[in-house]
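Morning, everyone. Please look at the model on the screen, and I will take you through its packing.

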Amino acid sequence: MSLEIARSIAVSSLMASQVQISVASSNISNADTTGYTVKTANQVATTSGGAGTGVSIIGITSSVDKLLFKSLISATSELGAANTNNDYLNRLQALYGSTTGAEDTGTSIANTLASLESAISSLAGTTSSASLQANVVSLLDNLASQLRETSSGIQQLRGTADAAISSDVDQVNASLQAIASLNAQIKQAAAAGQSTGDLEDQRNVALQTVASKMNVSYFISSTGDMQVYTASGQTLVDNSAHLLSFTAASSVTANASYSAGSSSGLSGISVNGVDVTTQITSGEIGSLLSLRDSVLPAAQSQLDQLANTLADTLNAASNQGTSLPPPTTLTGTTMVTAATALDATGTVRIAVADQSGSLVSYADLDLSTYATVGDLVSAINGISGLSASINASGKVVIASSSSSNGVAINEMTSAVGSSGIGLSDYLGLNDLVTGTGASTIAVRSDILANSGLFAVSTLDASATLTTGTKVLPAGATDVVDAIYSALTDSRTFGASGGLGSSTGSFADYAATVIANVASKATLAATTYTSKSTAQSSFANALASQSGVNLDEETAKISTLQNQYTAASQLMQVINEMFSSLITAVQSAS
């Protein structure tokens, strides 16, 4: 072997060792860098004329198992969805309050209903007690407030989800743009013969960010580009990034909803003008869409059924009676006009009574003789001591002509409409609660201000009444008993919000609703644990395959340093041999 070849081998060994030491050092310093994969300097032997001339580094590469990485991407989407679902369902469960247990007194709607039942039962024993009436009204107000607050909490969660979708869309768009930019950089570096490993790591990290937000598919083209698509093939990245479009709502109410292809309501997600909302079924965004448009509206639907059925049932019972003393004015809650058809049969009794409940005047009206609400109003105006009208809000108002007297109604045999409800109930003249749905249910404002207006007596239903006699008996329990039965009797609640039909009292139904939410929250927690374990398993497997092993890299540096030292010593020997050769040649001449 000539000295020149020997020196070439030594120099190439020095240079190769230097590059490999640099790569190993970079591996160690980036061991904790997110998405970093171990890099390897690929060394080959060089020859000239069939003789070895040393070694050279032909590139720096990293090796990532493609199947493992695809599995990780899928698991990351599923974990993003499971984590979000778990978070929101825990918050939803908290809105319903706690049930009675060993360490708490119970704050759930079911517990509040149970407290109300107990208060009404106590009132039935002494209906004239002002304090017991006030307690019932207060607890009913607590129940209505709890329903409103829970409804408001559900809509706040929907609003939070909507805002989170907007934030996630921004993050997805930033990552899509990063992937498109890295695609260009990778092709440029490859064309220049430079390492693309670090750029590919960055691109993989950006893809994982996208996957955590939404489910996607991808592949690496023959040109080295990473191309990304939605689940149904809508392009997100090819030669450029195709960004998601979403408009966050300024507020979210119980009536707000998303409808594909509609420009009104809550926003969907589109790409290049194509609505891809239904294609996003996993990741944080997939879960947020499901929560905003399905899970939380279902919870609202269940709550609304509870509130509406409660209002209808309590009002039907309350409209059977009157307060004692009777109110000077009754104002309905049903919107009508004078021309509203009155499809009614049977008889209703309307009376004027003084503060002690003694009769001043009355009339029994045959409803089958009145074609419209206007006709009925005119007939009421014909009763001595009463006036009736339809106010500017479209509500029937019946008032006593004297402030010392009040108005009382007995629905008798009256039946209005196909449901056959009593006239007072139809017009809402003695409603106990107002509002439609859980978001607006409330105790009637004048009863809330004056609990003495709570219905505790019933207008005498005898065939004929005599002026001056007691027609509103004190201590009667008919109405209070009816209200208690309305709360506690078993009834059928239809399927609502994914919850099947059930039979029981209001407290039973409330407990069923709460248990349904608790079950979903428990399932969400279990799913999150499972998805977290799966994602960690794939991440650890990938790290084991392509991550940095500090022990191996440290040992490699030690070996390379020894190789570098040996090559340096060889260079020193060769240089000394060259010097001796030159000296010998000079001496010979």
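I will cover the cores, then two helix pairs, then one residue near the end of my list. Keep in mind that this is a predicted model.

Start with the cores. The largest nonpolar core has 90 residues. Which residues have the most contacts inside it? They are L147 and I269. Helix α4, residues 130-191, gives the most to this core: 16 residues.

Now zoom in on L147. Leave aside residues up to four places away in sequence, and L147 touches I109, L303, L306, A307, L310, A438 and I441. There is also a second core, separate from the largest one, with 28 residues. Among them are L342, V352, A379 and V407.

Next, the helix pairs. Two packed helices are described by the angle between their axes and the distance between the axes.

Take α3, residues 109-125, against α4. Their axes come within 9 Å and cross at roughly 165°. An angle over 145 degrees counts as roughly antiparallel, so α3 is roughly antiparallel to α4. The crossing of α3 past α4 is left-handed.

Which residues make the contact? On the α3 side, I109, T112, L113, S115, L116, A119, I120, S122 and L123. On the α4 side, L132, Q133, N135, V136, L139, L140, N142, L143, Q146, L147 and T150. So what is the mix by class? The contact of α3 with α4 has 12 nonpolar residues, 8 polar and no charged. Note L147 again: α4 uses it in this contact, and it is one of the two residues with the most contacts inside the largest core.

Second pair: α6, residues 283-318, and α10, residues 478-488. The angle is about 160°, and the axes are 8 Å apart. These two are therefore roughly antiparallel as well. Here the crossing is right-handed.

From α6, the contact takes L310, T313, L314, A317 and S318. From α10, it takes V479, A482, I483, A486 and L487. By class, that is 8 nonpolar, 2 polar and no charged residues. L310 should sound familiar, since L147 touches L310.

Last stop: A534, in helix α11, residues 506-546. Is A534 buried or exposed? Neither: its relative accessibility is 29%, so A534 counts as partly exposed. Now look across to S71. A534 and S71 are 463 residues apart along the chain, yet their C-alpha atoms are separated by 9.6 Å.

That is my tour. Over to you.

Key
Residues numbered from 1 in each chain as written. Predicted model: local features only at pLDDT ≥ 70, side-chain atom pairs only at ≥ 80, totals over all residues. Heavy atoms only, no water. Core = buried A, V, L, I, M, F, W, Y, C linked by side-chain atoms within 4.5 Å. Buried < 20%, exposed > 50% of the residue type's maximum accessible area, 1.4 Å probe, protein only. Helix = DSSP H or I, 4+ residues; strand = E, 2+ residues; numbered from the N terminus. Contact = heavy atoms within 4.5 Å. Axes fitted to C-alpha atoms, helices over the stretch in contact; angles between N-to-C directions. Parallel < 35°, antiparallel > 145°, perpendicular 65-115°, else oblique. Left-handed = near helix turned anticlockwise from the far one by under 90°. Nonpolar A, V, L, I, M, F, W, Y, C, P; charged D, E, K, R; others polar.
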